[in-house]
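Dear colleague,

I am handing over the structure below, and my notes on it follow directly after. Please read them with the coordinates open.

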Amino acid sequence: MSKPTIQPKNEPSNKSTKPPPKSVLSNLHQKYKTMTSQNLNKLFKENPLEWEVYHKISKENETSFPEEEIPRNRIIQKLEKLAGKKKKDVVDLGCGYGEISQYFKNKQGNRFSFLNFDHISSNDDIISRDIKDTQLEDSSIDIAIMCLAMWGSNCKDYLIEVYRILDTGGTLHIVEPYKRWNDNEENKNRLIELLMENNFKVMEHIDEKFMYIECRK
């Protein structure tokens, strides 16, 4: 009599089949940067869960960064170091959950008055609007922030809008992924060129994983 065949037991795998946050995020970025901001706004308004999922994955991805390399923290550090006592009007375009304004909200002697914009409003401090059309008055803002907000095939329109609403001498702080704007055969920084084409004066430019640019109207 032949021995019975013993089938090996399938041990449960400890490996997750869920894609890592970084790869999911990359796929979403590829999708979002080919859409106009108008279509992005329509997508998120009709599917607010997609906006939530995108920002949840972004937060998960941040857990791998040192605190000082989290993009919004670069902006916070810059604002904290600003000299002077005059209160400044700040607009955060593509603000996500409005975390920069939340950081300063209960600070003693806070010198900033924030307006926050994103496709979806996650709380009462955020205005739900396409950032290419803020509906703010001309030359009404002292400081503009665009932290990982240049998604959309018409992102040039955002810069036109920022230039319109900034007061003369007003400052724009931008943080963007370095690879997105420098991955080209000419080895040119396409974001710097785009800013200059739209009349901004670049005051500071730091090339890191997340590129920081400070410019003025």
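β6 (201-206) and β7 (210-216) form a hairpin with three residues between them, where strands are DSSP E runs of at least two residues and helices are H or I runs of at least four, both numbered from the N terminus. This is a predicted model, in which local features need pLDDT of at least 70 and side-chain atom pairs count only at pLDDT 80 or more, while totals for chains, interfaces and linings use all residues. Residues are numbered from 1 along each chain as its sequence is written, and side-chain values use heavy atoms, with hydrogens and water left out.

The two hairpin strands run antiparallel and are joined by five bridges, two strands counting as paired if DSSP finds at least two bridges between them; E204 has E214 as its bridge partner in β7. β7 is also antiparallel to β5, through seven bridges, and F210 in β7 stands opposite P177. Six of the seven residues of β7 are buried (under 20% relative accessible area with a 1.4 Å probe, protein chains only; exposed is over 50%, partly exposed in between).

The largest nonpolar core (buried Ala, Val, Leu, Ile, Met, Phe, Trp, Tyr and Cys residues joined through side-chain atoms within 4.5 Å) has 27 residues, of which M146, M150, L159, L172 and L195 touch the most other members. Among the elements giving two or more residues to this core are β1, α6, α8 and β7. Apart from it lies another core, of 16 residues, including I70 and F112.

Best regards
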